[in-house]
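Okay, thanks for coming, everyone. I'll put the model up and then walk through a few spots in it.

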Amino acid sequence: MNKRIYLDYNATTPLDPAVRDIFIQALDLYANASSMHEDGRIVARKIHAAREELSGLIHAEPSEIIFTSGGSESNNMVFSTMLSDALVKTNSLRERFADRKLILVSSIEHPCVMESAKKLEKEGFNVQFLPVDGDGIVDMHRYRELLSGASGSDPMQKPLFVSIMMANNEIGTVQNIATLCGYAHEAGALFHTDAVQAVGKIPVDVRSLGVDYLTVSGHKLYAPKGVGALYVRKGAPIESFIRGGHQENGLRAGTYNAPAIIAFGEACRIAREYGDAYAVHTRSLRNRLRDGLISRIPNIRVNGHPDFVLPNTLDVSFPGAEGEAILLMLDLLGVAVSTGSACASGSLEPSHVLIATGVGPELAHGSIRFSLGKWTTAEEIDYVLDEFPAVIKKLRGFSTVSS
Amino acid sequence: MNDWLYSDVVKDHFMHPKNVLEDTEESWPCDGRGIVGNIRCGDQMLILLRITDGKISDVRWKTYGCASAIASTSILSEAIKGMTIEDAYVLKPEDIVSKLGGLPANKIHCSVLGDKALRAAIDDYLAKNNLPSLAGKEHAEVICTCLNVTDRDIENAYKAGDRTWEDLQARTKIGTVCGGCKEQALELLHQLEHLYGE
């Protein structure tokens with residue numbers, strides 16, 4: 001097969017051709033969307049339309065959307081708000097939040113959340129990383145135990161803020177956000193979910209989830225890189241992260257990245273139109289790949305939850321074979337995947353997500369993530385199923401680890 | 001494919017490794033056996049040597065690890081055939097890296113394993129045959145230039161239980177004059193943890 005087979009959609013997606021057309025047209029809309037003249041107003045209207053598309057997709061109000069440069073900025077913005085005056089600027093806010101210093105974060109978050117949480121720890125917060133079970137589901141018992149500090153008087157045990165991702169990028173496990181959020185609210189805490197892997201793949205409805213903040217990224221749903229959004233529930237405290245402009249009600253300075261935002265809007269429109277078709281398509285191919293690998297390769301382990309999992313994601317460990325070596329052999333066969341191996345990360349530590357699920361370092365080093373997308377075909381999956389067993393056999397053949 | 005992550009030599013040895021032990025260890029009787037690294041850290045190498053008249057006559061190996069670990073063991077196995085054990089004992093990681101046409105900086109520790117596994121195999125051969133040890137003959141790089149503390153001194157200190165900069169200083173006096181070697185020494189300590197980690 002001469003064509004490359006791209007199975008790394010969780011890392012980033014290609015542009016949808018319709019999004020690409022809109023994006024290219026929008027590149028000529030050079031006027032500043034904040035300008036009062038007709039040229040500027042045309043761009044502003046298109047940005048507003050994009051805002052409506054995104055809010056429609058996640059069932060928010062357009063006024064609850066802040067466009068950002070992407071998921072990392074959105075996540076940083078929420079965390080930095082916890083350090084800001086936004087939490088104490090009125091008497092009622094001060095009463096609710098001033099004496100709360102406990103922050104809860106799941107142990108399988110993206111590094112931008114992990115690092116933001118560690119920053120809060122340095123600033124004097126009590127940050128607790130929530131354990132997950134073997135399938136990557138947050139330990140509800142431990143979670144409720146930590147939230148119970150709300151009834152005491154020790155500020156370090158009183159929860160201020162919880163951040164738990166909706167769907168994990170590596171193993172695809174989907175959390176029960178509505179329930180987790182409900183418990184946080186009962187304890188008086190604010191709740192954020194990083195939903196960059198969920199939006200466009202599974203239904204995301206901010207009203208039924210009940211969250212205060214939700215992060216979206218454009219390039220995970222066939223829009224360009226460099227654009228994303230933060231949903232902020234009306235009334236939830238939020239502080240500007242990039243200061244110095246009146247854009248987004250003064251909450252996000254910087255001239256509007258109009259072409260990317262407009263393209264993002266189109267991607268949201270398509271995601272909505274696509275609806276269940278995306279999940280149906282990717283799930284059937286993902287299951288074909290999963291079942292094929294299980295039947296053709298001995299001694300493998302499928303990571304992540306069997307049911308509460310993104311329809312497009314398959315994470316598998318191959319004892320005896322190392323992930324970077326597998327990835328590069330697949331690469332030479334024309335197949336693009338990713339791995340939780342330390343060798344691929346440039347550090348000596350393997351995936352913190354797999355380690356958190358308790359699979360052990362060897363299985364983490366030997367893990368491969370396949371993430372499928374809209375344009376994945378059965379032929380591509382069958383090609384992988386034909387070629388892949390020999391790769392594992394070869395690597396296991398010269399491994400010191402018997403399998 | 002252009003612009004591959006590694007050199008063409010690495011790619012070739014990765015895809016077509018030489019002298020791999022195809023069958024069980026029992027199927028290939030050897031004179032010296034060395035194994036280093038651990039799976040927990042993501043790399044492990046086994047080297048088997050046949051030695052005739054003080055020279056390495058044949059070699060087989062197995063590796064659990066990334067592409068550069070596989071390629072570096074393969075190229076090492078080619079390089080040492082016909083070599084005297086004294087010459088093989090002083091092979092430096094840089095010798096392997098240069099034969100591979102270079103490696104990304106964060107991959108150097110992988111080939112560091114190759115020379116250590118080789119020395120372990122030679123040590124095993126010498127011990128089994130009651131021959132004088134070559135320990136101490138291997139190449140050593142000075143890390144602390146003020147007090148002449150080498151990477152080998154640090155490795156010995158690690159094996160003796162040192163895990164922190166303070167431990168190392170107490171034992172070797174490293175970095176107690178200008179302190180300029182601290183970063184390099186800690187990096188080495190990190191690699192040793194990778195190599196021998198519990």
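Let me start with a definition: I'll call something a salt bridge when a side-chain nitrogen of Lys or Arg sits within 4 Å of a carboxyl oxygen of Asp or Glu. By that rule, there are zero salt bridges across the interface of chain A and chain B. Before you get attached to any of this, remember that we're looking at a predicted model.

So what does that interface have instead? For polar contacts, the count between chain A and chain B is seven residue pairs, with both residues at pLDDT 80 or more. On the chain A side, the elements giving two or more residues are α12 (323–332), α15 (361–365) and α16 (378–397). The largest share comes from α12(A), with six residues. If you sort the chain A side by class, you get eleven nonpolar, seven polar and seven charged residues.

People usually ask about size here. The size of an interface is often given as the accessible area lost when the parts come together. For chain A and chain B that buried area is about 2,200 Å², and carbon and sulfur atoms give 68% of it. In terms of contacts, 25 residues of chain A touch 31 residues of chain B.

Now, the interface has no salt bridges by the rule, but the structure holds 30 of them over all chains. Here are a few.

In chain A, the side chains of A:K158 and A:D99 meet at 3.1 Å, N to O. This pair links distant parts of the chain, with the two positions 59 residues apart: A:K158 is in the loop between α6 (140–147) and β5, and A:D99 is in the loop between α4 (91–97) and β3 (102–106). Are these two buried or exposed? A:K158 counts as buried because its relative accessibility is 12%, while A:D99, at 32%, counts as partly exposed.

Over in chain B, B:R119 and B:D115 also form a salt bridge, again 3.1 Å from N to O. Both lie in helix α5 (residues 108–128) of chain B, four residues apart, which is about one turn of the helix. Both of them are buried.

Then there's B:D162 with B:R171, where the closest N and O atoms are 2.7 Å apart. B:D162 has a relative accessibility of 5%, so it counts as buried. B:R171 is partly exposed, at 44%. Chain B also has a network, in which salt bridges that share partners join B:D58, B:R60, B:E78 and B:K81.

Last stop, the strands and one helix of chain A. Why do I call strand β6 (residues 190–194) largely enclosed? Because five of its five residues are buried. Both faces are covered, with A:L190, A:H192 and A:D194 on one side and A:F191 and A:T193 on the other. β6(A) pairs with strand β5 (residues 159–163) in the parallel sense over three bridges, and A:S163 stands opposite A:H192.

Elsewhere in chain A there's an open sheet of four strands, ordered β9-β10-β13-β12, with antiparallel pairing. Its edge strands are β9 (301–303) and β12 (338–339), each pairing on one side only. Between β9(A) and β10(A) there are three bridges, and A:N303 stands opposite A:D315.

And the helix: α3 (residues 71–81) of chain A is mostly covered, with eight of its eleven residues buried. Among them are A:E73, A:M77 and A:F79.

Technical notes: Residues are numbered from 1 along each chain as its sequence is written. Chains are lettered from A and ligands numbered from 1 in the order in which they are written. This is a predicted model: local features need pLDDT of at least 70, side-chain atom pairs count only at pLDDT 80 or more; totals for chains, interfaces and linings use all residues. Side-chain values use heavy atoms; hydrogens and water are left out. Contact means heavy atoms within 4.5 Å. Buried area is the accessible area (1.4 Å probe) that two parts lose on being put together, summed over both. A polar contact is a pair of N or O atoms within 3.5 Å; within protein, one must be able to donate a hydrogen and the other to accept it, and residues adjacent in sequence count only if both atoms are side-chain atoms. Ala, Val, Leu, Ile, Met, Phe, Trp, Tyr, Cys and Pro count as nonpolar, Asp, Glu, Lys and Arg as charged, and the others, Gly among them, as polar. Buried means under 20% relative accessible area, exposed over 50%, partly exposed in between (1.4 Å probe, protein chains only). Two strands pair if DSSP finds at least two bridges between them.
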